[in-house]
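Morning, everyone. I have one structure to walk through today. Please have a look at it before I start.

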Amino acid sequence: MDTSPTIPSPECIPSNSTKDNMLSSKNFTVLGSLMLALALAVGLPGNLLVVWAVLSQGRGRSGRIRRPATSTSVLLLHLALADSFTLLTSPVWIHFLVSRDWVFGSVACKLAHYICCLNMYASVFLISAMSVERLLAVIRPWFRRTRRRRWIRRAVLLGLWVLAAFAAIPAAYYRDVVQGKLHCWRICEPDHPNPDHAAFHHLTETLLGFLLPLGLLSACYWVVGRRVRTLRHPGKSRAGRLMVAVVVAFTALWLPYHFVNVAQVTAELGGNKHFQGLMEESRPLVTSLAFLSCSVNPVLYAFCGARLLHSARYNLVARLFDAAAAAAAEEEEGGRSGARRDTGSGPEVGLNRTVGNTKEAF
């Protein structure tokens, strides 16, 4: 594919075309570039530090790196890697927004978006998997002791990456370099044959990448939060704040992007070219905001304790959830044995003993 600069054709004259709208707002493109640069400068070192911390956790006495010890660590490692690969594509988008011209060709346009969307989907799916893993640790503590748990973990991780790979295909299929009519810019953007294809692309992206994960996050952390509130532990207030922060950050950073998706589909199906143009103008800004989620993830999921890097090097709240899981196990055992609370062996005592044994972790 020839990627050399093209000479504006005679057809490149002022018109009412909306093909230039993505780059029409200079303020949005400049602000989007700055946000991408900030995400890269803050997020990439943070995610690489998470990778180092998790791998150091699995380092043996001989210095050789072993597998991470816990499911939380494995998911956190994959999350940090997915966010890192997403952020590594930032220079390409910054160059595009600053120069207002896609100089890399059609193949690079499709490939860059596929890599970016693949890792963004993987990041969202891994965050969802972490919430489910914490939920299972609390309501099904016996699952943590099953011998087949490692194989299940591998199958789940493989399934998440395969699902992300398939979900990102429309991003590459519909993406192409389009020649603008008003300013003669070459723009790497979705080029749908008709509004029905645009609706399928954007609404599927919003459903898989936002609505379903957000519902899963909210449901899991609501159940886990109810369990954590039963613990008489000084760290439970921080656990509650973290769970709220996870959901709020995910919503705040991704909602504008998916709002633009839905609004653009509505405008295309309704034939409202003006509103469609406004949504296209805001796309660089909301996309850059979504990139910031890759920088926030290591803060929320790894750096939530003052003594994190001096202890287990993974999520502080995972330890509090472990206390809740152990308490649930005590309750199940107490129910099966028919122990009474006044004998000093019931679930109330088991809960207190679990919390007391985990205070050193904080």
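**A surface patch, a helix face and the cysteines**

Let me start with a single residue, Val162. At 37% relative accessibility, Val162 counts as partly exposed, because that value lies between the 20% limit for buried and the 50% limit for exposed. One caution before we go on: this is a predicted model. Val162 sits in helix H5.

Now the neighbourhood. Val162 belongs to a nonpolar patch on the surface, together with Leu158, Phe166, Ile169 and Tyr173. Together these residues have about 550 Å² of accessible area. Which helices supply the patch? Helix H5, residues 149–167, and helix H6, residues 169–173, each give at least two residues. H5 gives the most, with three.

Let me step back to the whole chain. The protein chain has eleven helices and two strands. In sequence order, the pattern reads α-α-α-α-α-α-β-β-α-α-α-α-α. So where do the two strands fall? They come after six helices, and five more helices follow them.

Some totals. The chain has 362 residues, and 49% of them count as buried. It exposes about 17900 Å². Carbon and sulfur atoms supply 63% of that area. Now contacts. Take those with a sequence separation of 6 or more: residues 24 or more positions apart account for 78% of them.

Next, helix H3, residues 90–99. Which of its residues are buried? Ser90, Trp93, Ile94, Phe96 and Leu97. Looking down the axis of H3, the buried residues fall within an arc of 160°, so they line one face of the helix. Right after H3 comes Arg100. Its phi is positive, near 55°.

At the other end of H3 we have Thr89. Thr89 lies in the loop between helix H2, residues 71–88, and H3. Is Thr89 buried or exposed? Buried, because its relative accessibility is 10%, and the cut-off is under 20%. What does Thr89 touch, leaving out residues up to four places away in sequence? Ile115, Cys116 and Phe291. Keep Cys116 in mind, please.

That takes us to the cysteines. How many disulfides does a search of the whole structure find? One. The disulfide joins Cys109 to Cys188, with an S to S distance of 1.9 Å. The link is right-handed, with 85° about the S-S bond. The pair connects distant parts of the chain. Cys109 is in helix H4, residues 106–139, and Cys188 is in strand E2, residues 186–190. They are 79 residues apart. Both Cys109 and Cys188 are buried.

What about Cys294? Cys294 is in no disulfide. The nearest cysteine sulfur is that of Cys116, the residue I asked you to remember, and that sulfur is 7.6 Å away. A disulfide here needs the sulfur atoms within 2.5 Å, so the 7.6 Å separation rules that pairing out. Cys294 is buried too, with a relative accessible area of 1%. One more cysteine: Cys220 counts as buried because its relative accessibility is 3%.

To recap. The nonpolar patch on the surface draws on H5 and H6. H3 has its buried residues along one face. And the one disulfide ties Cys109 to Cys188. Happy to rotate the view if anyone wants another look.

Methods: Residues numbered from 1 in each chain as written. Predicted model: local features only at pLDDT ≥ 70, side-chain atom pairs only at ≥ 80, totals over all residues. Heavy atoms only, no water. Patch = residues over 30% accessible without salt bridge, like charges linked within 9 Å, V, L, I, M, F, W, Y side chains within 5 Å. Areas by Shrake-Rupley, 256 points an atom, 1.4 Å probe, with all protein chains shown as cover. Salt bridge = Lys/Arg side-chain N within 4 Å of Asp/Glu carboxyl O. Helix = DSSP H or I, 4+ residues; strand = E, 2+ residues; numbered from the N terminus. Buried < 20%, exposed > 50% of the residue type's maximum accessible area, 1.4 Å probe, protein only. Contact = heavy atoms within 4.5 Å. Arc of directions from axis to C-beta.
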